[in-house]
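Colleague: Got a minute to go over the aromatic rings with me? I have the file open.

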Amino acid sequence: MSSLSCSMAAWDLSVTVVDLGPDAPPVTLSVTSDLHVGGVILKLVEKTQIKRDWSDHALWWEQKQKWLLRTAWTLEKYEIHADARLLFIPQHKPLRLGLPNGITLRLLASFSSPVFQTVMGICRMLNIRHPEELSLLRPVEEKKKKKDKDSAEEIYDLTEVPLSSASRPCLYNGMPAHFADSPQMEAIYKMLSITQPPPAPEVIAKQYRPASVVDKAHINGRWLDSSRCLMQQGIQENDRVWLRFKYFAFYDIEPKYDVVRLAQLYEQARWAILLEDIDCTEEEMMLFGALQYHISKVSQSEPQLMSTSAAMDDLDSALQSLEVKLEGESSSASEMLENMTAPELNDYLKIFRPKRLTLKGYKQYWFKFQDTSISYFKSKEESIGEPIQQINLKGCEVAPDVNVTASKFLIRLLIPAPEGMNEVYLRCENEQQYAQWMAGCRLASKGKSLADNSFQSEIQSIRSFLAMQKTNAGSHGNAHAADESINTHSLVSPRYHKKYKAKQLTPRILDAYQNVAQLSLTDAVMRFLQIWQALPDFGLSYVVVRFKGSRKDEVLGIAPNRLIRIDLGVGDVVKTWRYNNMKQWNVNWDIRQVAIEFEGNINIAFSCVTADCKIVHEFIGGYIFMSTRSREKSDTLNEELFHKLTGGHEAL
Amino acid sequence: MDDIDAMFSDLLGEMDLLTQSLGEETPPPASLPSSNQEVNFSIGFTDLNESLNELEDNDLDALMADLVADLNATEEKLAAEIQGLKEPSLPASDLPPPPPKGLSTHPSSSPSPMRSSSSSSSSDVSTPASSATSPLPPPQSTKPSKEEIEAQMKADKIKLALEKLKEAKVKKLVVKVLMNDGSSKTLMVDERQTVREVLDNLFEKTHCDCNVDWSLCETNPELQLERAFEDHENLVEPLLAWTRDSENKVLFKERQEKYEVFKNPQNFYLWKKDKKALKDIKDKDKELLIQENFCGTSIIVPDLEGVLYLKEDGKKSWKQRLFQLRASGIYYVPKGKTKSSRDLVCFVQFDNVNVYYGQDFRSKYKAPTDFCFVLKHPQIQKESQYIKYLCCDDARAMNLWVTGIRIAKYGVSLYDNFKTAEKKAAVSAVWTNRSTPSSSNASTPSPTIKAKSPSQANGHASSPQPGPLSQNVGNTLPPPPPPCEILPPPPPDPVPSPPPPPPLAAKNLARPPNLTNRHLPTNFPPPPAMDNLPPPPPPPPMDDSPEAPPDFLPPPPPAAGFGSLPPPPPPVSSLPPPPPARFGGIDQSLPPPPPDPEYLPPPPPPVFTGSGAPPPPPPPPPPPPAPAPVAAPRAAVRPSGSLKKVPPPPPKRTTPPLHGGGGGGGGGGGDFMSELMLAMQKKRGDH
C-alpha cells in the first residue's frame with residue numbers, strides 16, 4: 001500500500017531463508033526503495049507461511065558482510081538494490097567454545113553483535129564476572145591425526161539455555177538458574193567451577209609449546225576483533241573458538257562470586273606454566289607443582305563448593321564468624337587444656353651428625369619430641385633424666401632424604417646456632433615412624449608444636465607423597481595403583497620430565513608442598529595466581545613488530561601497565577614505556593602503522609608483523625580501559641568507552 | 001557489676017600481697033636474689049642485678065612506672081576479659097545471668113584459681129590448677145539449670161586460670177635502647193609486643209618528631225652488621241637469638257631507607273631510567289607505582305638484575321656473578337648460560353634468612369667496596385660458612401637490593417607498616433606543629449606526609465570498630481603511668497603523677513582519665529549522655545571527632561601547669577564528668593592500632609596537611625581546643641601516647657609480683673619485679 005502512495009517503482013528483492021532448507025529457492029519479494037527493513041522482514045515472514053518465533057532472525061547482506069539490524073532504515077538508506085544477496089538467518093547460532101580448562105562447550109552465541117558483546121553474553125551464561133578481561137581466539141590448528149579419533153571429543157551442550165538479557169543472572173543454589181534445571185546441567189557447572197585433575201604427562205607433552213618469543217607472539221595474531229561480529233570475521237555456525245583471559249589485569253577478584261572465573265583463570269595460568277608459555281625457575285616450578293597437587297587434592301575432597309544457596313551462605317558465614325568469635329574470645333577450657341598438655345613423640349631413632357664425628361655412622365638413641373624440641377637419651381629407661389642433648393627445631397630447615405624402595409627414611413635437619421647451621425640426620429625405621437617425625441619436624445621448624453591441629457594432616461600428606469613415590473617407582477607398565485596417586489610429571493612442564501625421574505621429583509615437590517599444605521582450596525588457587533602474577537614476565541603479550549627506521553624485526557611486549565621493546569637477538573629488554581606517560585596513540589590504517597607519543601617528546605612508530613595492527617591497538621586501548629575501572633562503577637560496564645578506546649576507525 | 005567488683009577486690013588482694021611481699025623482701029640486699037636469675041631477662045647486661053644497678057635513677061623510675069602500669073593494665077585486661085567472657089556466653093546459653101551470678105555468689109572461689117596459679121606461677125601447674133578448681137562448684141545443686149550455671153562458671157574459671165598460666169609463660173626482656181645522642185633508655189618488652197609498639201613507646205619517652213624513619217635496629221659488632229627491625233616483627237624473638245656474651249645493641253634512630261620505597265617508588269621500580277627522569281616524576285605517578293606494586297592481588301618485587309660480588313665460602317676472595325631478584329628468591333646466572341628463567345640457579349630463598357647491612361667490610365673482609373649486605377639466619381651470631389656476603393658497586397645498588405629483598409620477604413606487611421607509621425607521624429606532626437611556639441622539641445614535621453594524610457585522617461574518623469575498641473578501652477586507659485614516688489601502687493587509688501620524662505605536671509589532672517576508665521569496662525555499652533553536650537547521645541563518628549578535643553582536654557591541663565596559662569576553667573569543669581561513655585564513643589570512631597592520638601586532631605589534619613603540613617597551622621578549627629591552645633598539644637600528645645602504648649601489650653601478668661618463681665617457660669618476671677623494687681628502694685635509701 002505504501003508503495004502505491006509513493007511514486008517509486010517496485011522491484012524484486014530475493015532473500016534466502018535458511019530455515020526453509022538448503023535446497024529451497026530464495027523467496028522473492030516485491031519492494032520499493034523506501035521500504036524499511038522491518039517491512040521487508042514482515043513481508044518475508046508472511047510469505048514463508050511458517051508460524052514460529054522469528055524474533056532472533058535478521059537479514060545478513062552477504063556481499064557486504066553486514067547485518068541489516070536497523071529495522072527502521074529503508075533499503076535505500078542501506079543502499080540495497082536488486083542484486084543484493086540477503087540471507088534471513090538467526091543472530092544466535094551454536095558455537096563450539098574451548099575453555100581455558102580444556103573443555104569444549106557448545107552454546108548459542110551472538111553472531112551479529114560485536115565480539116565484545118558476544119563475550120559478555122557468553123560470560124553471563126557461564127557466570128564469569130568482568131567479561132571485558134576475556135576475549136575469543138581462533139584456535140591453533142591441531143595437526144590432523146591419521147585416525148581422526150579426536151573428533152570423538154566430548155562436547156558439553158548448552159544450546160538449550162534460553163537467551164537472556166539480564167545483566168546479572170539470578171542465582172539458584174549458588175549457580176545461575178539455568179544450570180540448576182537438571183542434573184546434567186549441574187554437572188556442567190561443576191566442570192566449569194572445579195579445577196580439572198592434573199593432566200597426564202603425555203597430554204602435556206603432546207600439546208603445542210611455544211619455543212621462543214616469536215612463537216609466543218604468533219598466538220596473539222589470533223585474537224578476534226572486539227568491535228566486529230563473528231559473522232564478519234568468518235566464524236561459521238559450529239566453528240570452534242577459544243575463550244581466554246586476554247587482559248591480564250584481573251579486577252576485583254572475589255572468591256565468593258567468582259567461582260567459575262577463578263577456576264578458569266587458574267586453569268589458564270596452570271597451562272601457561274605447564275606449556276612454558278611463561279618462564280619460571282626450577283624452584284618456582286616445584287612450588288607451582290606443589291600447589292597443583294594440593295589444589296587437585298583439596299578440590300576432590302570439598303566438591304560442595306557452590307552447592308549452597310545464597311541464604312545458606314549467609315547463614316554459614318554468620319555461623320562461622322560466630323564460631324570464630326567464640327573461639328577467639330573463649331576457646332573452651334578443655335581445648336586450652338589440651339593445648340597445654342602437648343602430645344609427644346617417643347621412639348628409638350638413629351642419629352648422625354656429619355660435622356661432629358668424622359666416623360660415619362648412625363647411633364641409636366631414645367628420642368623424645370616435645371613442643372618444638374627433640375631430646376635424646378641413651379635409652380628409654382634413662383629418659384627421665386637429663387637428655388644427652390636437646391635440639392630446638394624452631395627456625396631450622398628440614399629436608400627429606402627418602403627412598404621408599406630402599407627403605408631409606410632420613411630426615412635432614414639444618415639447625416641454626418650462633419656459630420652457623422648444624423647438620424643432623426635422623427634415620428627412621430619405617431614409613432609410619434618417618435611420617436610422624438617428619439611432620440613434627442616440619443611443624444617445629446615453623447614454631448608450631450605437635451599440638452597444632454595441622455599435625456595429623458601433615459602426617460597424611462607426607463604419607464600420600466610416600467605412596468606417590470612408591471607407585472612411581474614400580475608403575476612402569478603396571479596397573480595404576482591407588483587412584484589418588486598422581487604422577488609428579490603431571491605437575492611440571494615437559495622440560496622437567498627429561499631432567500628428573502618422577503621419583504626424583506617427588507621429594508622436591510614435597511619440599512615445596514610443606515609451605516602450602518595447610519591452604520584452603522580458594523587460598524591455594526589464589527596463591528597460585530599470586531605467584532604467577534609475581535613472575536617477571538607475567539602479563540606480557542608479545543607481538544613481532546618493525547620499528548620505524550629499524551631494519552630488523554623486534555618484539556613488542558604489551559603489559560597491563562607498560563610497553564616493552566625486546567631485542568630479538570639477545571632477548572633483552574631494550575626500552576620500557578609506561579602508559580601513564582603516554583600522551584596519545586594513533587593508527588594509520590592505510591599504512592597500518594601504530595604511532596605513540598609519550599611525555600617528553602618521545603615518539604615511537606612501528607608496523608606489526610605477527611598480528612594486525614588493530615590487535616595491537618586494541619591491546620593498548622583495552623589496557624587503558626581496564627585501568628579506568630573503579631569500584632563505584634564496577635557494576636556497569638562502559639561498553640561505549642571500550643569501543644572508543646579500542647575500535648579504531650570503525651568505532652565511529 | 002558485682003562480679004566485676006568481686007574481680008577487682010581479688011585483684012586488689014593480689015596487689016596487696018604484692019606490696020607485702022615487697023615489703024618483706026626489702027631487707028636483703030638487692031644483689032643477692034638476682035644471682036640466680038636467668039640471664040635471659042636482661043639483654044645488654046650480663047646480669048640482672050648489675051643491669052638494675054647500672055640504670056640511671058630516672059631510668060629506674062621510668063621502668064618502674066612502666067611496670068606498674070603493666071600491672072594495672074593486666075588488671076583492666078582481666079576485668080575486660082570477664083566482661084568479654086560474659087558477653088558471648090549470654091547468647092549461647094539461654095540463661096542470661098549465669099556468669100555474673102556465679103561470680104558474685106562465690107566471691108571466694110574465683111580468687112582461688114587465680115591465686116593458685118599466681119602463687120605457684122610455674123608453667124607446669126596447668127592441670128593441677130584446673131583440677132583444684134573442680135571441687136568448688138557443687139555447693140548447691142538443686143536445679144539442672146543451676147548445675148549448668150555451675151558448669152559454666154567452672155569452665156570459665158578454669159579458663160581464666162589457664163589463661164593466667166599462659167600469661168605467666170610470656171617472656172619479657174629488659175631492653176636497653178641506645179639513643180642517637182649516646183644516652184640510653186631501658187624498657188621492658190613483652191614477647192608479644194611488636195617493634196611498632198615499642199617504637200610508639202619510645203616516641204612517648206623521647207618526644208621525637210615521630211616521623212616514619214624512626215627505627216629500631218640491632219647491631220652485631222662481631223660480624224659488623226646492622227639491620228632495622230621491621231615494624232611488624234616481635235622484638236623479643238630476635239633478641240633471644242643473641243648469645244650470652246653478645247655485644248649486640250639495640251639502637252633507636254632514624255633510617256632514611258626504611259620506607260624510602262614508599263616515598264620514592266620510582267627509584268626502585270624504575271631504577272633503570274635516568275636520574276633526571278626519576279627526580280622529576282610526578283606525585284600521581286608515584287602513587288600509581290605504589291598502587292601497581294603493592295595494592296594488587298600480588299606484591300610485585302622490583303626487577304633487579306646486576307653484577308654483585310659474592311664472597312666465596314671460607315675464602316677471602318670476592319667473585320662477580322650476575323644476580324637476579326625474584327619474588328621467590330635471589331638467583332644467579334651460571335657460567336655460560338643465558339638469562340632465561342629456567343637456567344637460573346637459586347642462590348637463596350628468603351624464608352629463613354634476614355638481610356643485614358654490612359659495615360666496613362672493606363677492611364674486615366677485603367671487600368671490593370664498603371657497600372655490602374649479608375643474608376643469614378637470624379640465629380647465626382658468629383662467623384660461619386652459612387652467612388652469605390654480597391658486595392655492590394655503590395650505595396644506590398645496595399639500597400636497591402636490600403629494599404628489594406625486604407619487599408620479597410615481607411610483602412604487603414611492609415606497606416601496611418608504612419601506612420601505620422605514616423598515620424602516626426601525621427598525627428604527631430599536627431601536634432608538634434601546634435605546639436611549636438612553646439615546645440622545646442626539635443619537631444620537624446616530616447615532609448613525607450603530605451597529600452596523603454588528610455584522606456587517612458578521614459578514613460580514621462569514619463571507621464568505627466566498636467568491638468575491639470571497647471576491649472581496648474580497658475587496656476588503654478589504665479596506664480597513665482602511676483607515680484614513682486609512691487612505691488606500692490595499689491591500682492585502685494593511684495596518686496598519679498605525670499608520665500616519666502617531663503617535669504612536674506599538675507597531678508590531679510592526670511587523674512580523670514584514670515578514674516573514668518576504671519569504670520569503663522562495666523558500663524561502656526549505653527553511656528549516659530554528657531552534660532555539656534546537646535542531647536544526641538552517642539553522636540556518629542564524624543560528629544564525635546570535632547568534639548573529641550574537649551574530652552582530651554583533661555590531659556592537656558597538666559601541661560598547662562608548666563605553661564603560664566592557668567588551666568582554663570570551662571573545659572576543666574566539664575572534664576571530670578566526662579562520662580565514660582564518651583571515651584567509649586570516641587574510641588569507637590577510631591581504628592585500633594594508634595587509637596587515641598588520631599581523634600585529637602581529627603578536624604585539623606585535613607586542614608593543615610591539605611594546605612601543607614609545615615606552616616604553623618592557624619587557629620585550629622575545632623573551637624574546643626581553643627582554651628588551652630599552646631599547652632594543649634603537648635600535653636595531649638603525651639597522654640594519648642601513654643594511652644596508646646598500652647593497647648598493644650594487652651595482658652600483662654599479674655602473677656609475677658607474688659614472688660612467683662617463673663617456672664620453665666620463662667616466668668621469672670615476678671622475681672624481676674621484686675628485684676626492681678628492691679633496687680629502687682636501695683637507691684632511694686642511698687640518697
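Modeller: Start with A:Phe642, which is buried, at a relative accessible area of 1%. Keep in mind that this is a predicted model.

Colleague: Why does 1% make A:Phe642 buried?

Modeller: Because buried means under 20% relative accessible area.

Colleague: And A:Phe116, what is its relative accessibility?

Modeller: A:Phe116 has 4%, so it counts as buried.

Colleague: How many aromatic pairs are there over all chains?

Modeller: There are 46. One of them is A:Phe116 with A:Phe642, a stacked pair with 4.0 Å centre to centre and 15 degrees between the planes.

Colleague: Which parts does that pair tie together?

Modeller: A:Phe116 is in helix H3 (residues 115–126) of chain A and A:Phe642 is in helix H17 (residues 639–646) of chain A, so the pair joins parts 526 residues apart in sequence.

Colleague: Next one. Why is the pair of A:Phe547 and A:Trp577 called tilted?

Modeller: Their planes are at 40 degrees, with the centres 6.1 Å apart, so the pair is tilted. A:Phe547 belongs to strand S20 (residues 541–547) of chain A and A:Trp577 to strand S23 (residues 573–578) of chain A, 30 residues apart.

Colleague: Are those two buried or exposed?

Modeller: A:Phe547 is buried at 4%, and A:Trp577 is buried at 5%.

Colleague: Switching to chain B. Which residues do ring pairs link into a cluster?

Modeller: B:Tyr259, B:Phe262, B:Tyr269, B:Phe294, B:Tyr415 and B:Phe418.

Colleague: Last topic, charges. What sits over the ring of B:Tyr356?

Modeller: The charged end of B:Arg227, 5.7 Å from the ring centre. In chain A, A:Lys93 lies over the face of A:Phe111, 5.4 Å from the ring centre.

Definitions and conventions:
Residues are numbered from 1 along each chain as its sequence is written. Chains are lettered from A and ligands numbered from 1 in the order in which they are written. This is a predicted model: local features need pLDDT of at least 70, side-chain atom pairs count only at pLDDT 80 or more; totals for chains, interfaces and linings use all residues. Side-chain values use heavy atoms; hydrogens and water are left out. Rings of Phe, Tyr and Trp (its six-membered ring) pair if their centres lie within 6.5 Å; planes under 30 degrees apart count as stacked, over 60 as edge-to-face and the rest as tilted. Helices (H or I, at least four residues) and strands (E, at least two) are DSSP runs, numbered from the N terminus. Buried means under 20% relative accessible area, exposed over 50%, partly exposed in between (1.4 Å probe, protein chains only). A charge sits over a ring if NZ of Lys or CZ of Arg is within 6 Å of the ring centre and within 35 degrees of the ring normal.
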